[in-house]
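Please open the model in your viewer and keep the sequence at hand, since each stop on this tour begins with a selection.

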Amino acid sequence: MEPVSTTIGEEASAETGVISHRIWIALRDRMAVGQRFRKGARLFAVKPVRDPDETGRYLVCHCEEAAR
């Protein structure tokens, strides 16, 4: 798991943020946009998924974690 970027915003007079991550996993069938990963209390929404070298060994999932 590798942090990529942070976006800070404001919602209802409170500061909010979105942190994007690149998460590498072993190849899995049925991995798709909209699924989520969990690490303890943290949730990561899966955005684009790709096989970086097209060998079928692993996937790179671009994910977003909502900052609390």
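Begin by selecting K39 and R42, bearing in mind that this is a predicted model: K39 stands opposite R42, which belongs to strand β4. Now widen the selection to residues 36-39, which form strand β3, and to residues 42-50, which form strand β4; the two strands run antiparallel and are joined by four bridges. Between them, the hairpin has two residues, and G40, in this hairpin, takes a positive phi near 65°.

From the hairpin, keep R42 displayed and add E65, which is located in strand β5, residues 58-67. Which side chain does the side chain of E65 meet in a polar contact? It is that of R42, at 2.8 Å. Is E65 buried or exposed? E65 counts as buried because its relative accessibility is 9%, and the cut-off for that class is under 20%. To see what surrounds E65, show its contacts while leaving out neighbours within four places in sequence: these are G17, V18, I19 and H21, together with R42, L43 and F44.

H21, one of the residues in contact with E65, leads to the next selection, V4, which has its place in strand β1, residues 2-11. Although V4 and H21 are 17 residues apart along the chain, their C-alpha atoms are separated by 5.1 Å. When residues up to four places away in sequence are not counted, V4 touches S20, H21 and R22. V4 counts as partly exposed because its relative accessibility is 43%, a value that falls between the limits of 20% for buried and 50% for exposed.

The last two stops are in loops, and at each of them the backbone deserves a look. Select R30 in the loop between β2, residues 14-26, and β3; R30 has a positive phi of about 65° although it is not a glycine. With a relative accessible area of 78%, R30 is exposed.

Then move to the loop between β4 and β5, where E54 lies. What is the phi of E54? It is near 55°, a positive value in a residue other than glycine. E54 counts as exposed because its relative accessibility is 71%, where the class requires over 50%.

To finish, display E65 and E54 together: E65 lies in strand β5 and is buried, whereas E54 lies in the loop between β4 and β5 and is exposed.

Terms used: Residues are numbered from 1 along each chain as its sequence is written. This is a predicted model: local features need pLDDT of at least 70, side-chain atom pairs count only at pLDDT 80 or more; totals for chains, interfaces and linings use all residues. Side-chain values use heavy atoms; hydrogens and water are left out. Two strands pair if DSSP finds at least two bridges between them. Buried means under 20% relative accessible area, exposed over 50%, partly exposed in between (1.4 Å probe, protein chains only). Contact means heavy atoms within 4.5 Å. A polar contact is a pair of N or O atoms within 3.5 Å; within protein, one must be able to donate a hydrogen and the other to accept it, and residues adjacent in sequence count only if both atoms are side-chain atoms.
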